[in-house]
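Q: Hi! Could you walk me through this one while I have the sequence and the structure open?

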Amino acid sequence: MTSTYLPVVILLIVVAGFAVTMVTVVSDGLGPRRFNRAKIDQYECGIQPTPLPAGTAGRFPIKFYLTAMLFIVFDIEIVFLYPWAQSAVALGVLGLVEIILFIVTVAVVYAYAWRRGGLDWD
């Protein structure tokens, strides 16, 4: 039984060795060594970071969370639409009615988010 898994174990060892070699040895040996202050600083899209008021360090605006929630809602919609599309013929009319109700529900969420300004990029 263990002999059937031996090629897989050998392949995993070779892949792990290759990854470690590429990351540590080859990148350090071949990569350029031109360090300056801009490379060491945090990346802030070219804008100098501004200090935050006391007591608000680490807080994100609520628009960040709204955008994340909208992404999750529409991502889940797509995840449910793919299996339905694969078995649409087998599900028949009942499957069509169910997916229409699902799309209408998601459209209501989309309309609500649009009306409330959740899709505006300020």
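**A chat about helix 3 and its partners**

A: Happy to. Let's begin with E77, which sits in helix 3. Keep in mind that this is a predicted model.

Q: Is E77 buried or exposed?

A: E77 is buried: its relative accessibility is 14%, and under 20% counts as buried.

Q: And which residues is E77 in contact with, leaving aside its neighbours within four places in sequence?

A: Those are F102, I103 and V106.

Q: Okay, switching to the rings. How many aromatic pairs are there?

A: The count comes to three aromatic pairs. In one of them, F74 and Y110 have ring centres 5.6 Å apart and planes at 75°; planes over 60 degrees apart count as edge-to-face, so this pair is edge-to-face.

Q: Where in the chain are F74 and Y110?

A: F74 is in helix 3 (residues 62-86) and Y110 is in helix 4 (residues 88-115). They are 36 residues apart, so the pair links distant parts of the chain.

Q: How accessible are F74 and Y110?

A: F74 is partly exposed at 24% relative accessibility, and Y110 is partly exposed too, at 36%.

Q: What about F80 and F102, what kind of pair do they form?

A: F80 and F102 make an edge-to-face aromatic pair, with 5.8 Å from centre to centre and 85° between the planes. This pair also links distant parts of the chain: F80 belongs to helix 3 and F102 to helix 4, 22 residues apart.

Q: Are F80 and F102 buried or exposed?

A: Neither label fits, because partly exposed covers what lies between 20% and 50%. F80 has 48% relative accessibility, while F102 has 26%.

Q: Which residues form the aromatic cluster?

A: F74, Y110 and W114 form one aromatic cluster.

Q: Let's go to the surface. Which residues make the nonpolar patch?

A: M69, F71, I72, I76 and F80 make a nonpolar surface patch of about 530 Å². One of them, F71, lies in helix 3 and is exposed, with a relative accessible area of 57%.

Q: Last topic, confidence. What does the chain average in pLDDT?

A: The chain averages a pLDDT of 80, and 78% of the residues score at least 70.

Q: Which element has the lowest mean pLDDT, and which the highest?

A: Helix 2 (residues 37-40) has the lowest mean pLDDT, 67, and helix 1 (residues 2-30) has the highest, 89. Where pLDDT is low, the predicted coordinates should not be read in detail.

Notes: Residues are numbered from 1 along each chain as its sequence is written. This is a predicted model: local features need pLDDT of at least 70, side-chain atom pairs count only at pLDDT 80 or more; totals for chains, interfaces and linings use all residues. Side-chain values use heavy atoms; hydrogens and water are left out. Rings of Phe, Tyr and Trp (its six-membered ring) pair if their centres lie within 6.5 Å; planes under 30 degrees apart count as stacked, over 60 as edge-to-face and the rest as tilted. Helices (H or I, at least four residues) and strands (E, at least two) are DSSP runs, numbered from the N terminus. Buried means under 20% relative accessible area, exposed over 50%, partly exposed in between (1.4 Å probe, protein chains only). pLDDT is the predictor's confidence in each residue, from 0 to 100. Patches are made of residues with over 30% relative accessible area and no salt bridge: like charges are joined within 9 Å, nonpolar side chains (Val, Leu, Ile, Met, Phe, Trp, Tyr) within 5 Å. Accessible areas come from the Shrake-Rupley method with a 1.4 Å probe; for residues, only the protein chains shown count as cover. A salt bridge is a side-chain nitrogen of Lys or Arg within 4 Å of a carboxyl oxygen of Asp or Glu. Contact means heavy atoms within 4.5 Å.
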